[in-house]
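Visitor: I should like to go through this structure by way of its aromatic rings, its helices and its internal space. Please give the criterion for each term when it first arises.

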Amino acid sequence: MVEVKGEAARDDNSHFGRPAVISAFAGHRITYLLAGAMTAMVYYALLGLGLLALEDRVPYLFLAVAGHLMTVVIVYPWYRLVVFRDSGHSWPVGYLRFYAVGLSFLAASVIGVPLLVEHTGISIMVAQGVVIVMSPPLSYAINRAWVFRDRGKV
């Protein structure tokens, strides 16, 4: 088998690399959006099932924390293998960093959901949905820059 490695000659006026960069970045955003949608669905399903199964026997904030922990365990492999394609860290270190970022969003839920539920009277699931919608842009920036950064480029 023969390996071929080629590089195109570029001059300062060439736009050869631009479409490839834009395409790769757009693809990365798409996988991130899919991962975010998957994460929201998993968390929402776990929270909803917990609320249905345990009704008023367990505080909803406890269910939010438990659902968050389970969601992070479930979705971390997808983020590591598909979205950010490895980070140069071991799986446990990467997971701990990923969870540390997730804790800030858990804090947003623990603070934001009760405020929305108590002060606006909306349901727990709607309040959680509002918090979820506000989280992805910040989450992407933190995960890209810290959790899954390419250590070879630092």
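Visitor: How many aromatic pairs does the count come to?

Guide: The model is a predicted one, in which local features need pLDDT of at least 70 and side-chain atom pairs count only at pLDDT 80 or more, while totals for chains, interfaces and linings use all residues. Residues are numbered from 1 along each chain as its sequence is written, and side-chain values use heavy atoms, with hydrogens and water left out. Rings of Phe, Tyr and Trp (its six-membered ring) pair if their centres lie within 6.5 Å; planes under 30 degrees apart count as stacked, over 60 as edge-to-face and the rest as tilted. By this rule the number of aromatic pairs is five.

Visitor: Which class of pair do the rings of Tyr76 and Tyr95 form?

Guide: A pair of aromatic rings is described by the distance of the centres and the angle of the planes. For Tyr76 and Tyr95 the centres are 5.6 Å apart and the planes stand at 85°, so the class is edge-to-face.

Visitor: Which helices does that pair link?

Guide: Helices (H or I, at least four residues) and strands (E, at least two) are DSSP runs, numbered from the N terminus. Tyr76 and Tyr95 are 19 residues apart and belong to distant parts of the chain, the former in helix α2 and the latter in helix α3.

Visitor: Is Tyr95 buried or partly exposed?

Guide: Buried means under 20% relative accessible area, exposed over 50%, and partly exposed in between (1.4 Å probe, protein chains only). Tyr76 has 3% relative accessibility and therefore counts as buried. Tyr95 has 21%, so Tyr95 counts as partly exposed.

Visitor: What is the class of the aromatic pair of Tyr76 and Phe98?

Guide: The centre-to-centre distance is 5.4 Å and the planes are 50° apart, a pair classed as tilted. Tyr76 lies in helix α2 and Phe98 in helix α3, so this pair ties together parts 22 residues apart in sequence. Both Tyr76 and Phe98 are buried. The class of the pair is tilted.

Visitor: Which residues do ring pairs link into a cluster?

Guide: Tyr76 and Phe98, just described as a tilted pair, belong to this cluster. Its members are Tyr76, Tyr79, Trp91, Tyr95, Phe98 and Tyr99.

Visitor: Where in helix α2 does a kink lie?

Guide: The bend at a residue is the angle between axes fitted to the seven residues ending there and the seven starting there. Helix α2 covers residues 60-83, and its kink of about 40° comes shortly before the proline Pro77, at Val75.

Visitor: Which residues does Thr71 contact beyond its neighbours within four places in sequence?

Guide: Thr71 lies in helix α2 and is buried because its relative accessibility is 3%. Contact means heavy atoms within 4.5 Å. Outside the excluded neighbours, Thr71 is in contact with Thr39, Val42, Tyr43 and Leu46.

Visitor: Which residues does His68 touch, not counting residues up to four places away in sequence?

Guide: His68 is found in helix α2, and a relative accessible area of 11% is why His68 counts as buried. With those nearby positions set aside, the residues touched are Tyr43, Tyr99, Gly102, Leu103 and Leu106.

Visitor: How much space lies in the largest cavity?

Guide: On a 1 Å grid over the protein atoms alone, a cavity is a set of points where a 1.4 Å probe fits but cannot get out; lining residues have an atom within 4 Å of a point. Grid points are joined across faces, edges and corners, and a volume is the space filled by probe spheres set on the points. The count gives one cavity of 30 Å³ or more. The space in the largest cavity is about 40 Å³.

Visitor: How many nonpolar, polar and charged residues does the lining of the largest cavity have?

Guide: The lining consists of Leu47, Tyr60, Leu61, Ala64, Ser109, Val110, Val113, Ile124 and Gln128. Helices α2, α3 (91-120) and α4 (124-134) each supply at least two of the lining residues. Ala, Val, Leu, Ile, Met, Phe, Trp, Tyr, Cys and Pro count as nonpolar, Asp, Glu, Lys and Arg as charged, and the others, Gly among them, as polar. The lining thus classified has seven nonpolar, two polar and no charged residues.

Definitions and conventions
1 Å grid on protein atoms, 1.4 Å probe; cavity = no way out; pocket = protein on both sides within 12 Å on 5 of 7 lines; lining within 4 Å.
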